[in-house]
Every structure is written in C-alpha cells, then in structure tokens.
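Biologist: Please take one part of this model and walk me through it closely. I would like to see how a helix sits on its surroundings, and then what lies around it.

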Amino acid sequence: MRADDDTRFTVRVADWQREARLVVYLHGTAGEGELDTLRAALARPGWVLRQREVSPEEAVQRFAEQFPSLADLFAEAGPRPLPASLELEVAPESRRAAGFASWIADLRAHPAVAMVDDDSDWLAH
C-alpha cells in the first residue's frame with residue numbers, strides 16, 4: 001500500500017470509530033422495571049449522546065428494506081420475529097475512558113439485554 005493510501009485508510013478507520021454505535025438488543029420478556037433500570041444504566045456515565053428505540057415491527061421493516069430478497073423469511077415467522085433494540089450514539093472519546101469496557105460488560109449482563117453489538121469491537125484491532 002502506498003503512503004497516501006495508508007493515510008486515507010487510517011483517516012477512514014478513525015471516521016468509522018467516531019461514527020460507531022452500540023445496539024442493545026432486548027429480551028422480548030423484559031419487563032418495564034428491567035427496562036427502567038437499563039435506561040438508568042445507559043444514562044449513568046453520560047457517554048450516550050443519543051438513544052433511539054427500535055420496535056420489533058420497525059426492525060422487520062428495516063430488514064425488508066435492506067434485504068428485499070430475504071423479506072419473505074419473516075412472513076410466516078409469527079409476531080415479533082426480531083427483537084426490540086436501543087440504538088446508542090456514544091461520544092467518541094468515551095470509548096477510551098476508564099470504565100467504558102466494564103460498562104459494556106455490565107450492559108451485556110443486564111437481565112433485559114439479549115445482546116450488545118458494539119461496532120467498534122472489530123475496529124479496535
């Protein structure tokens with residue numbers, strides 16, 4: 001790779017790291033009390049700039065728009081084949097903050113959370 005290509009690549013990776021988001025997928029059985037404690041856990045460190053709730057219905061609609069040839073996979077899957085989620089925009093500097101990794105681990109262990117997808121996991125390597 002040439003030096004200017006290497007520089008463009010480095011700049012692009014830095015851009016992706018700034019734009020990386022967290023998606024917290026929720027258990028379908030999560031009660032309102034569990035969701036309230038999760039929301040408090042998201043607000044506590046002050047790292048979340050924006051939070052957007054995505055319903056199971058919206059998740060299916062997005063899937064159908066992004067993968068139209070696969071949209072019929074959910075036609076007979078019954079109600080709510082995809083989970084609700086919370087899309088989080090996190091302050092880029094927070095990813096380097098002390099305690100960020102343990103905060104992610106705590107989110108992953110929360111009883112309302114099925115999975116946390118951290119876009120920056122693969123960008124860190």
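Modeller: Let us start with helix α4, keeping in mind that the model is predicted. Four names matter here: F100, W103, I104 and L107 are the buried residues of α4. Look down the helix axis. The buried residues fall within an arc of 100 degrees, so they line one face of α4. Now turn to the other side of α4. There A101, D106 and A109 are exposed.

What covers the buried residues of α4? The cover includes β1, α2, β2, β3 and β4. Most of these names are strands, so we need the sheet next.

The sheet is open and has four strands, in the order β2-β3-β1-β4, with antiparallel pairing. Find its edges. β2 and β4 (residues 113–118) stand there, and each has a single partner strand, so one side of each is left without a neighbour in the sheet. Neighbouring strands are turned by 20 degrees against each other on average, direction ignored.

Zoom in on one pair. β2 and β3, the latter made of residues 85–90, are joined by six bridges in the antiparallel sense. In that pairing, R50 stands opposite E89 of β3. Helix α4, residues 100–109, packs on this sheet and touches β1 (21–26), β2, β3 and β4. The direction of α4 makes about 145 degrees with that of β4.

Another helix meets the sheet too. α3 lies across β2 and β3, and runs at about 90 degrees to β2. Within α3, residues 56–66, the buried residues are P56, A59 and F63. These three cover an arc of only 55 degrees around the axis, which puts them on the same side of α3. They pack against β2, residues 48–54.

Now for the charges. Side chains of opposite charge can pair when their charged atoms come close. Across the whole structure, a search finds nine salt bridges. One of them is between E58 and R62, at 3.5 Å from N to O. Both residues lie in helix α3, four residues apart, which is about one turn of the helix. R62 is partly exposed, at 25% relative accessibility.

R62 has another partner. Its side chain also meets that of E87 in a salt bridge, at 2.3 Å from N to O. This pair links distant parts of the chain: R62 is in helix α3 and E87 is in strand β3, 25 residues apart. E87 is buried, with a relative accessible area of 13%. Follow the shared partners further. Salt bridges join R21, R52, E58, R62 and E87 into one network.

Finally, go back to α2, which is among the elements covering the buried residues of α4. Helix α2 spans residues 32–43 and holds both D36 and R39. These two form a salt bridge, with their closest N and O atoms 3.4 Å apart. They are three residues apart in the chain, about one turn of the helix. D36 is partly exposed, at 43% relative accessibility. R39 is partly exposed too, with a relative accessible area of 27%.

Put the picture together. α4 turns one face of buried residues inward, and its cover includes strands of the sheet and α2. α3 lies across β2 and β3, and the R62 to E87 salt bridge links that helix to β3.

Key. Residues numbered from 1 in each chain as written. Predicted model: local features only at pLDDT ≥ 70, side-chain atom pairs only at ≥ 80, totals over all residues. Heavy atoms only, no water. Buried < 20%, exposed > 50% of the residue type's maximum accessible area, 1.4 Å probe, protein only. Helix = DSSP H or I, 4+ residues; strand = E, 2+ residues; numbered from the N terminus. Arc of directions from axis to C-beta. Contact = heavy atoms within 4.5 Å. Pairing = 2+ DSSP bridges. Axes fitted to C-alpha atoms, helices over the stretch in contact; angles between N-to-C directions. Salt bridge = Lys/Arg side-chain N within 4 Å of Asp/Glu carboxyl O.
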